[in-house]
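Q: I'd like a close look at the packing here. Please take me through it piece by piece, with the cut-offs behind your terms.

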Amino acid sequence: MTTPRSHTAVAFVGARQPLEAIRVPTAAPEGDEILIRSQFTASTPLDLHRADGGLLMQPGAIFGSTTAGVVEATGPATSGRLRAGDRVFGWAFQKPQYRAHQEYVTAPEWMFGKIPENISPEEAATVPENLITIFNTMATDLGLPTPWPKPEDYVPDRADDPILVWGAASSVGQSALQLLRWYGYRYVLATASPSHHQYLKGLGASACFDYRNPDVAVKVLAAASETQGKAGVRGEAAVPFIIDCIGSRDGSMRPILEKKIAQLGSVVAVMLPVILTHASAEQAPEYEMDAPKVARELLGPEADSSGVTVKGVRTFFIYDNSPFFKEKLPSEILPALLEQGVVKPQRFRIVEGETILEREENALREMREGV
Ligand SMILES: NC(=O)c1ccc[n+]([C@@H]2O[C@H](COP(=O)([O-])OP(=O)(O)OC[C@H]3O[C@@H](n4cnc5c(N)ncnc54)[C@H](OP(=O)(O)O)[C@@H]3O)[C@@H](O)[C@H]2O)c1
């Protein structure tokens, strides 16, 4: 196939401005790059943070990071692992031509893996961003090992420590439950709306709590202490590891910190950005990228003596932090976990629209409305 000369992409104009469909030159694959005809992408809250909050965006920037599609051509220095006609999926954002919300993506081969036979491209598109985020959170922020290949008899050192996944019904939360279970963590506590509890237990939660219940902290702490008693673990903190999948100052960080679910010795990994004010049709959002700063404001004078470590998760840096993840995660680990059913595709909704621009606008509107 010859590389098309140009294609349509969706670009940012300014915060809370309508998006724009632009024509961009299609980059022929050079060196280790592949050219992909995109079939599906995933719209995520980051799109909303960008569209409505202008988060880390310049005018003209193209949206999106996750692409599922078909390889059309390969560059001269590719390894041969991926060939024209292969169905691939991956997560790439570092250059405009890698971004996902456009008809063709040209990006390095290592950033993509083959879609397993038993998985459709739309299912595949639901996986990379969340699963890569959880690998990064475990390894970089919580210091929990992620051995690959995982030895048959692998039991992690902290297998019996309670881990709280706050916001487990979120896409990131569902990936967290599945990956923690697979690595052998036995006591993964989760917060979510009650209608999801049964489903989340099926993904790996050992107990679920309604985050809207005013007693949620008391209940989580009681479950954690009971768990520690059963397992004979005597750590300093009732819940040593907390993944805040929501990153909302008032909706997640406040209960975790003020109600002392996080205690001396706890590490809290917060998905950035911290949301101070949610985007809505009427209101511009407000964000903060410094999670420890938000924690200090919430804890006040107690902050320094609390012994709680708060970290902001920044998955965009995962490949700078880990050459191993760069080599293995997109090409080998993600396809294998998906093929083996360790990680299920997320439940999804196909956003309809006549054009790529209309679909993008519809997806943003649905996220603003909290669909
Ligand atoms: N920094 C990074 O590296 C990184 C990477 C990925 C994502 N993120 C960020 O992480 C956040 C979540 O992303 P996502 O795609 O997983 O979101 P999502 O799938 O859109 O999450 C939606 C779910 O969040 C739950 N939720 C909302 N408010 C909650 C609260 N106060 N407490 C508990 N659960 C709550 C709701 O659960 P119920 O239905 O149970 O009510 C809802 O179903 C976004 O802000 C995203 O930008 C950051």
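**Helix and sheet packing**

A: Happy to! Helix α1 (residues 45-53) and helix α11 (residues 356-368) pack at about 95°, with 10 Å between their axes. Axes here are lines fitted to C-alpha atoms, for helices over the stretch in contact, and angles run from 0 to 180 degrees between N-to-C directions. That makes α1 roughly perpendicular to α11 (65 to 115 degrees; under 35 is roughly parallel, over 145 roughly antiparallel, the rest oblique). P45, D47, L48, A51 and D52 of α1 meet E360, L364, M367 and R368 of α11, contact meaning heavy atoms within 4.5 Å. Five of these residues are nonpolar, four are charged and none is polar.

A word on the basis: this is a predicted model, in which local features need pLDDT of at least 70 and side-chain atom pairs pLDDT 80 or more, while totals for chains, interfaces and linings use all residues. Residues are numbered from 1 along each chain as its sequence is written, and side-chain values use heavy atoms, leaving out hydrogens and water. Helices (H or I, at least four residues) and strands (E, at least two) are DSSP runs, numbered from the N terminus.

Now to the sheets, where two strands pair if DSSP finds at least two bridges between them. One open sheet has five strands in the order β6-β3-β4-β5-β7, with antiparallel pairing. β6 (104-108) and β7 (112-114) are at its edges with a single partner strand each, so one side of each lacks a neighbour in the sheet. Its neighbouring strands are turned by 45° against each other on average, direction ignored. Helix α3 packs on this sheet, touching β4 (66-74) and β5 (87-91), and its direction makes about 50° with that of β5. Helix α10 (residues 323-339) packs there too, touching β5 and β7, at about 40° to the direction of β7.

The other open sheet has six strands, ordered β10-β9-β8-β11-β12-β15, and its pairing is parallel. Here the edges are β10 (207-209) and β15 (309-313), each with a single partner strand, so one side of each is left without a neighbour in the sheet. The twist averages 20° from one strand to the next. α3 packs on this sheet as well, touching β11 (241-244), β12 (267-271) and β15, its direction making about 145° with that of β15.

As for α3 itself, twelve of its 14 residues are buried (under 20% relative accessible area with a 1.4 Å probe, protein chains only; exposed is over 50%, partly exposed in between), so α3 is largely enclosed by the rest of the structure. The buried residues include F135, M138 and D141. Just after α3, G143 takes a positive phi of about 65°.

Technical notes. Ala, Val, Leu, Ile, Met, Phe, Trp, Tyr, Cys and Pro count as nonpolar, Asp, Glu, Lys and Arg as charged, and the others, Gly among them, as polar.
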